[in-house]
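Subject: Structure for you to look at

Hello,

Here is the structure I said I would pass on. My notes on it follow below.

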Amino acid sequence: MKNITNIQKFSIHDGDGIRTTVFFKGCPLKCRWCHNPETQRFEREMQIDREKCTGCGACAAICPNGAIHMEEGRPIWNSDACTFCGKCENFCPTGIREIIGREYTVKELLKELMKDQMFYEESGGGVTLSGGEVMAMDIDYILELAKELKRQDVTLTIDTCGYVPYDRFQKILQYVNTFLYDIKVMDPEIHKEYMGTDNKLILDNLVRLAKDGARIYIRIPTVKEVNGNEQSMREIIAFLQEHDIHPAQVNLLPYHDTGSGKYRKLDMEYKGTDLHAPDREEMEAFVALFQNAGFKNTKIGG
């Protein structure tokens, strides 16, 4: 499984320097506030902005597999019959159809990534693999890509939720410069409520990664109703201290709903409508908690 939804150039929030970020498709978590819902499912999808559909029927007429038919002037898509040939996407006069997920060979992907080598060298940047959850992909594919980037002297950052077997980290550890490691909340029941799973595996993997000498940035998506309070932040601090984890950086990432509009295009329900970001004063207070506990390189965003 190695479908890619986007290769984002000139990324400045996914690690050090100027980076190219690759978004892989598929994630074992189902975070209620996920702003990349197109990366949740592992399989390819058709994203359709139905509100802008004129009902012209061009998609149904061009489909060679009968995967689209018209009912009451509206196109109905049958995902089981679709081969994702792209004809409906290409022939839609309003451009409202988009196939989400494209497969690249390692060679094809590497060629695309190396187009920005000059920016990596000048800024101290490199490549970030994100998602979805990159560590849930075909690990042999990711390992081959990591080795090639290492050979090209391009730094590699892995953005991960940590919810995978640890042997996957072991296979790739020597080729990764930095892990952007998410911690959402320490309480396992709250984690299960908002992320769909408990957090034992995530926390166990973080401890093992730190012991194995990985360079780690802790990233905390900060949501007022979930972890945006002093108690939750102190619990995270206590865990890091207890397990002698010394992240190179801590990033507090305020909740936002900029991806909520994607859900209806994917026939998904956005479940984060009751969530909010802490205000600036609260965020600054959380930063102070971390800094006073010895995590001096803590900041909002990143």
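Which residue takes a positive phi just after α9? Asp244 does, with a value of about 55°. Please keep in mind that this is a predicted model. The notes start with helix α9, go on to helix α11 and the strands beside them, and end with the cores.

Helix α9

At 1.5 Å a residue, the 13 residues of α9 should span 18 Å, and the end C-alpha atoms are indeed 18 Å apart. The buried residues of this helix are Ser232, Met233, Ile236, Ile237, Phe239 and Leu240. Viewed down the axis of α9, they fall within an arc of 160°, so they line one face of the helix. On the other side, Gln231 and Glu242 are exposed. The buried residues of α9 pack against α8 (200-211), β11, β12 and α11. At the start of the helix, a side-chain oxygen of Asn229 comes to within 3.3 Å of the backbone nitrogen of Gln231.

Helix α11

This helix covers residues 280-292; its 13 residues should span 18 Å at 1.5 Å a residue, which agrees with the 18 Å between its end C-alpha atoms. Met283, Phe286, Val287, Leu289 and Phe290 are the buried residues of α11. They cover an arc of only 155° around the axis, which puts them on the same side of α11. The face turned away from that buried side carries the exposed residues Arg280, Glu281 and Asn292. Among the elements that cover the buried residues of α11 are β11 (216-222), α9 (230-242), β12 (249-254) and β13 (298-300). Asp279 caps the N-terminal end of the helix, with a side-chain oxygen 3.2 Å from the backbone nitrogen of Glu281. After α11 comes Gly294, whose phi is positive, near 105°.

Strand β11

Both helices have β11 among the elements packed on their buried residues. Is this strand buried or exposed? It is mostly covered, with seven of its seven residues buried. In a regular strand the side chains alternate between the two faces of the sheet. In β11, Ile216, Ile218, Ile220 and Thr222 are buried on one side, and Tyr217, Arg219 and Pro221 are buried on the other.

β11 has these strand partners:
- β10 (residues 178-182) runs parallel to β11 and is joined to it by four bridges; Phe179 stands opposite Ile216.
- β12 also runs parallel to β11, with six bridges between them; Val250 in β12 is the bridge partner of Ile218.

The nonpolar cores

In soluble globular proteins, nonpolar side chains tend to be buried together. The largest nonpolar core here has 78 residues, of which Phe24, Trp33, Leu109, Leu129, Leu240 and Phe290 touch the most other members. Helix α5 (residues 139-151) gives the largest share of this core, seven residues. Apart from it lies another core, of 14 residues, which includes Cys53, Cys82, Phe84 and Ile96.

Two of the residues that touch the most other members of the largest core were met above: Leu240 is a buried residue of α9, and Phe290 is a buried residue of α11. For Trp33, leaving out residues up to four places away in sequence, the residues touched are Lys184, Tyr194, Met195, Pro221, Val223, Val226, Tyr255, Tyr263, Tyr270 and Leu275. One of these, Pro221, is among the buried residues of β11.

Regards

Terms used
Residues are numbered from 1 along each chain as its sequence is written. This is a predicted model: local features need pLDDT of at least 70, side-chain atom pairs count only at pLDDT 80 or more; totals for chains, interfaces and linings use all residues. Side-chain values use heavy atoms; hydrogens and water are left out. Helices (H or I, at least four residues) and strands (E, at least two) are DSSP runs, numbered from the N terminus. The expected span of a helix is 1.5 Å times one less than its number of residues. Buried means under 20% relative accessible area, exposed over 50%, partly exposed in between (1.4 Å probe, protein chains only). The arc is that of the directions from the helix axis to the C-beta atoms. Contact means heavy atoms within 4.5 Å. A polar contact is a pair of N or O atoms within 3.5 Å; within protein, one must be able to donate a hydrogen and the other to accept it, and residues adjacent in sequence count only if both atoms are side-chain atoms. A nonpolar core is a set of buried Ala, Val, Leu, Ile, Met, Phe, Trp, Tyr and Cys residues joined through side-chain atoms within 4.5 Å. Two strands pair if DSSP finds at least two bridges between them.
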